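Colleague: Could you take me closely through one part of this structure, namely a pair of packed helices, and then follow the packing into its surroundings?

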2 protein chains.
Amino acid sequence: MLTLAFSPSGQEPLYQQLYHHIRDEIQAGRLAAGERLPSKRQLARQLKLSVVTIEGAYSQLVTEGYLESRDRKGYFVLPVRWERTTPSPQAAPDIPPLPEERGRFRYDFATSGSDAESFPFATWAKLSREVLSSRDQALLSAAHPQGVPELREAIAHHLYQFRGILVSPEQIIVGAGSEFLSTLLVQLLGPQGGYALEDPGYRKIARIFSASGAQVIPIPLDAHGLRADRLAESGARIVHITPSHHFPLGTVMPVSRRRELLEWAGEREDRYLIEDDYDSEFRFTGRPIPALQGLDRAEKVIYLNTFAKSLAPSLRIGYMVLPPSLLRRYRQELLFYSSTVPSFEQYTLALFMERGHMERHIARTRNRYQQRLAALRQAVRETGLDRFCTLSGGESGLHLLMTVRSPLSQDELTRRAAEAGIRLYPLASYYLCEPHKRAASTFVMGYGKLTETDLQDAFQSLAKIWSF
Amino acid sequence: MLTLAFSPSGQEPLYQQLYHHIRDEIQAGRLAAGERLPSKRQLARQLKLSVVTIEGAYSQLVTEGYLESRDRKGYFVLPVRWERTTPSPQAAPDIPPLPEERGRFRYDFATSGSDAESFPFATWAKLSREVLSSRDQALLSAAHPQGVPELREAIAHHLYQFRGILVSPEQIIVGAGSEFLSTLLVQLLGPQGGYALEDPGYRKIARIFSASGAQVIPIPLDAHGLRADRLAESGARIVHITPSHHFPLGTVMPVSRRRELLEWAGEREDRYLIEDDYDSEFRFTGRPIPALQGLDRAEKVIYLNTFAKSLAPSLRIGYMVLPPSLLRRYRQELLFYSSTVPSFEQYTLALFMERGHMERHIARTRNRYQQRLAALRQAVRETGLDRFCTLSGGESGLHLLMTVRSPLSQDELTRRAAEAGIRLYPLASYYLCEPHKRAASTFVMGYGKLTETDLQDAFQSLAKIWSF
């Protein structure tokens, strides 16, 4: 039998100190496998501690598998098969944080994000408080896996009003952003067969499909959008498109091409079209372009949208509308997934929509963006940039294209802009394959986050540094 | 040249009515491909409308691809290649909502969910208001893709305090629940090779891995947990385990088995262990079982946890801790994913943790659950159920096992309970393969959502309907 040397100290409870001490002895091999420990009573006498303290330490060591209690025989050290080669860490690993991109540029023409200032924060906060004080139990129980019914009702109504499409709230699945929903779609549709994407297009979607295990097939565009004639030979089974406002070219897909795509999808049962309607709310001329979903008679279109553009990207609320046959499959195979959006945000957004705030907010921001677009065009004219810069694709959405005819290379144009604190995004970087020659020295200019003064200032700088 | 018959009516703007009218004529084939439309001026005269109205309708039709504008020649109908076979839908599809499970049972012994009543709602609401009034800009911009730094700091501190593990906030990735994070893990680790799971175990994780494209390999358990000796022959590459409190058996994995698993993982570079620490906060006797992560010296353990149990399932905030080498891979390959949790919830939870509310809440609920556990045990004794019912696995977590020795079959026991409004979950249903014979007539009893009175009442009913 072994004698344990132990002197309690510090603020830890005694039984814990004793537990640590014995554990360290076992781990260090000073208490070997098979050795018998003093009985609880003996050790209590020896260390002048209570039997309860010893019992606490012993039973913890038994639970964790360091000791074994044999009936009427006492406590024995169990074999610790694996010698530690390195000591316990004394500190967390030292990992540098990600480099901070923000602040490096005065003006950033990124297409992501929206104008946070225009967000009706006071209204949102008021509704949040209302939800907090009226919905306590509902906020705590798990939400409906497709999203809370109130929000799905509001979205169905919104889709009818803004996109002219008639869907049942039961077809809607609310999720933590369109990125998450795209991953979920690969799970629903299966990764097999190819996922065709517009090239150029939204690069992130290629990464998401690819990370989800699907093979990505870039399909080139013509003036009408994704070339339907290339689909058959590509072997693709699923097509992701932005028909109402191509990202980033701004093309509207005409009805003839839409029908070609629907025909292609109709040829085989497992073909589907994913309609990403990411910024359809912001069309400045004429009425909104009807959604592809509204033309679909064969349950081939999955409609995908998000509130990141119309409200705030930090909200992380997206949704998709499944045709009835896919909804059945979803309910059979994927309904086990819990809703990924906190109930709180769902109820607040539902109220926001029900009470007409969304409608007013969209009208207000559309105006605001239209003014910015006008300011951008004006700045290009007034700075004389229009002599060698052409704008296109600005009828809708929060970005347009600017093509620069200059002896300076695209890299040089980008570099000079960066030096002046202006971040630009060459169209070429939106291509998966070799960029089309028209992409040379064309930039995708997202202006949603820049004020009119920002735009004037930025284009004045560009005019200066790009002069030749 | 064609004459258009059109009489405006209703509340729609005139140009929209005209647009609809012409579109319908084209779709119905009454305006054939190639036909030339009246000039804007002619039509304006003919219909007694302004030229601007005609222009609005024509340009919308051009944008959508129904008309083509040929320079100096006028507007021509474009070929609509695809005849509609069915008319536009007049109503959304009629889809029945999911059947409502709630309300069918008086008492539900599900292990999911927690006691919503104990959630410190007033405190949470107060902090929410504070966040709303102090953080407006931060709430609107996109959160750090790994989660807002304040929350990751708080989680690192929490892990040190409650689980004794030292991690850097940079290693933490916050996400919309552990289900979403598990999907993300398959993307990070790759679907190839097998994903080994405890059998019996948490059935949902099998569905998630499987839906994410991974092959699921059920591994049987012995008294120490997942049988490490079966791993080599199984061909598995990744192992998902609940070492601190096996779900649903309640086993604590002893240190020897933990080391066997770490050794197995150390044998090949692409092997990893996913430690799901789902309810480690609620251990009632002794100190918390140390996390497996703390024993890991070879960067083999991914630690996964959620606030669904300790706070509320509707919050949808989970997190994982990646070892540094996997973090590097994550940052290279998956950092493009936006954070899936709204910034608002992240800031509120960070404040809740920073100010010690989490600690107090866990202490309070641990007490509360311990009382419920005591009430459950007492109810089994007082109703005489203890003559043929044995409880086990209740040292920790919010569920235990109840084995019933009865001439009634398990199905009959379950059926009778359901008739009395009590929902029970046979242990056999947690198996992926053939259930172990010990699973017969054993039920997994989650008591987290039932009050002491509920428990008394439920067991009184069971005693009556199970008598033989």
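Modeller: What follows is a walk through one helix pair, then the nonpolar cores, and finally a small sheet. The model is a predicted one, and two packed helices are described by the angle between their axes and the distance between the axes. In chain B, the axes of helix α6 (residues 149–163) and helix α12 (residues 343–354) come within 8 Å and cross at roughly 35°, and the crossing of α6(B) and α12(B) is left-handed. On the α6(B) side, Glu150(B), Leu151(B), Ala154(B), Ile155(B) and His158(B) take part, and they meet Gln346(B), Tyr347(B), Leu349(B), Ala350(B), Met353(B) and Glu354(B) of α12(B). Sorted by class, this contact holds seven nonpolar, two polar and two charged residues.

Leu349(B) from that contact returns in the largest nonpolar core, which has 82 residues and in which Leu349(A) and Leu349(B) touch the most other members. Leaving aside residues up to four places away in sequence, Leu349(A) touches Trp124(A), Leu151(A), Phe307(A), Leu311(A), Ile317(A) and Met358(A). A second core, separate from it and made of 58 residues, includes Leu184(A), Ala214(A), Leu304(A) and Leu334(B).

Turning to the sheet, chain B has an open one of three strands in the order β12-β13-β15, with antiparallel pairing. Because β12 (389–392) and β15 (442–446) of chain B each have a single partner strand, they stand at the edges, and one side of each is left without a neighbour in the sheet. Neighbouring strands are turned against each other by 30° on average, direction ignored. The antiparallel pairing of β12(B) with β13 (residues 399–404) of chain B runs over four bridges, and Cys389(B) has Val404(B) in β13(B) as its bridge partner.

Methods. Residues numbered from 1 in each chain as written. Chains lettered and ligands numbered in written order. Predicted model: local features only at pLDDT ≥ 70, side-chain atom pairs only at ≥ 80, totals over all residues. Heavy atoms only, no water. Axes fitted to C-alpha atoms, helices over the stretch in contact; angles between N-to-C directions. Helix = DSSP H or I, 4+ residues; strand = E, 2+ residues; numbered from the N terminus. Left-handed = near helix turned anticlockwise from the far one by under 90°. Contact = heavy atoms within 4.5 Å. Nonpolar A, V, L, I, M, F, W, Y, C, P; charged D, E, K, R; others polar. Core = buried A, V, L, I, M, F, W, Y, C linked by side-chain atoms within 4.5 Å. Buried < 20%, exposed > 50% of the residue type's maximum accessible area, 1.4 Å probe, protein only. Pairing = 2+ DSSP bridges.
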